[in-house]
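Reader: I'd like to learn how to read a sheet and the core packed around it. Can you walk me through a case?

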Amino acid sequence: MKSAAFAYHRVRSAEEARDCLARYGGEAKVLAGGQSLVPMLHMRLVRPAALVDINRAEGLDRVEFPPEEDVVVIGAAVRHADVLRHAALGRRLPILREALALVGHPAIRNRGTPVGSVCHADPAAEMPAVLALLGGEVEALGAEGRYRIPADAFFLTYFTTALPPEDVAVAVRLPLPSPHTGQAFAEVARREGDFALVGAGASVRLDEDGRVAEARLVFCGVGDTPVRAYEVEAELAGVRPSAGTWEEAGAAAADRLQPEGDVHASAAYRREVAARLAARVLAAAFRRAREGPDAAEVAGPNAADGGASPAGRNDAPDHRGGLPE
Amino acid sequence: MSEAAVRPEEALYEVDVVVNGVRYVRQVEARTTLADFLREELGLTGTHIGCEQGACGACTVLLDGRSARSCLVYAVQADGADVVTVEGLGALAPRARRVTLDDGREVELHPLQEVFQAHHALQCGYCTPGFLIAAFEFLRDNPRPTEAEVRAALSGNLCRCTGYQNIVDAVLDAARRLAEEGAGPA
């Protein structure tokens, strides 16, 4: 299908984007990578009066490490592929590379943006889960100037965030891990590049005695927003990990989830997968905290099963659009 | 909302774009996708349109040197850009082979196109342009891939004839041939 008509504004700055959005009174949408928005326009699930294209806006295409702050700031026009290629970012926040490698396919990652993914707020997507796991912030520009929305206040429900439609997200701010911290992300999807049936991310910081100083655990694909396992995180604090610690934590976290079943997976299956994934990412995060970031590849079922990529498998989803010519 | 004075469906936007080395300047509606622009405005029908939602990969082109779904980019966004479609792939080869088509036209074939032919890596051919562009970018970035890497790189392209095994074989063969020639795909 084709998009309904809209006006197009290519803006040169974040301020111009904000002013343009304000003029349309919330009836305009920001166009960054467009890899989720444009399909919705084609299917006419959204019909904005205008698109505000921020791809050439000054200063939004940067990855910055502000001095004296342990954060990375990723601009709203930075693409997934840019993050994946960014050597310093890969070294300082490797979980981002691990998670974004699971987003779509190469052509999608060449256009799509981490900030756009956060603002789109698909609860099955990787980037919102990473923002929630790390306790990051969305930096926005509104009528009163720049302000920040923390992750736990940002995601309201499916595809809905606390960002007012007149304001523009200019960046995400992600805390960099402190020493003796390990992080990991893994997911199970129907085929490589699809949205996760369930995904899980973990961050584990150890104290000098090898006890858990802080553990964090997040899921995607099991609720209307990314779901942090706050209770299990609290239970893990101070624990000296032993055999079974991570499996028990994964099971306890999954027990508290209330995933919905759909055509792809039942609720029971999602809960089972969540338990296993949680155990796996917690264990990998722990090993990395102890041994350094190179330890313990997180082999998800997709990664472990060499036959899971679609090339060579006849499981292509049905495309109702057909193949006209 | 002063912009609404001109109804959006009546507004036209200039696109000044280089496609396969040729510059074109056209006026388009904002909602015209790059895929439709290439096919209908420029007559470059090698770029195919399958799902129009980014799932199938048939419309994949190079946009400023990187693969992109031309159905998920509006033509107006390509203003000022450099686009390569399957018709321009041969010109990117270090040593392209000239062949004469049934209709008498002479074209240059990229080695990838030759190996797709040699390995029977296309059946109906609908998905082929997208696979070729995706494979081109992949081999440019990773000239000595493993089979698993090839499969992962092509996972964004669907073939409804299910010719995947031959496509994977063709891309691996292309990598070998290009390595022997001592040149990457570009």
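**Sheet first, then core**

Author: Sure, and keep in mind that this is a predicted model. Chain A has an open sheet of 5 strands in the order 4-5-10-6-7, with antiparallel pairing.

Reader: Why is one side of strand 4 and of strand 7 of chain A left without a neighbour in the sheet?

Author: Strand 4 (63-64) and strand 7 (145-150) of chain A stand at the edges, and each has a single partner strand, so one side of each has no neighbour in the sheet.

Reader: Over how many bridges do strand 6 and strand 10 of chain A pair?

Author: Strand 6 (residues 137-142) and strand 10 (residues 168-175) of chain A pair over 5 bridges, in the antiparallel sense. To find your place there, take Glu137(A): its bridge partner in strand 10 of chain A is Arg173(A).

Reader: Which strands does helix 8 of chain A lie across?

Author: Helix 8 (residues 126-134) of chain A lies across strand 6 and strand 10 of chain A, at about 55° to strand 10. Helix 1 (residues 14-23) of chain A also lies across strand 6 and strand 10 of chain A, running at about 130° to strand 10.

Reader: And the core? Which residues have the most contacts inside the largest one?

Author: The general idea is that nonpolar side chains tend to be buried together in soluble globular proteins. Here the largest nonpolar core has 78 residues, and Ile74(A), Leu93(A), Leu96(A) and Leu174(A) have the most contacts inside it. Helix 8 of chain A gives the largest share of this core, 7 residues. Another core, of 36 residues, lies apart from it and includes Ala55(B) and Leu139(B).

Key
Residues numbered from 1 in each chain as written. Chains lettered and ligands numbered in written order. Predicted model: local features only at pLDDT ≥ 70, side-chain atom pairs only at ≥ 80, totals over all residues. Heavy atoms only, no water. Pairing = 2+ DSSP bridges. Helix = DSSP H or I, 4+ residues; strand = E, 2+ residues; numbered from the N terminus. Contact = heavy atoms within 4.5 Å. Axes fitted to C-alpha atoms, helices over the stretch in contact; angles between N-to-C directions. Core = buried A, V, L, I, M, F, W, Y, C linked by side-chain atoms within 4.5 Å. Buried < 20%, exposed > 50% of the residue type's maximum accessible area, 1.4 Å probe, protein only.
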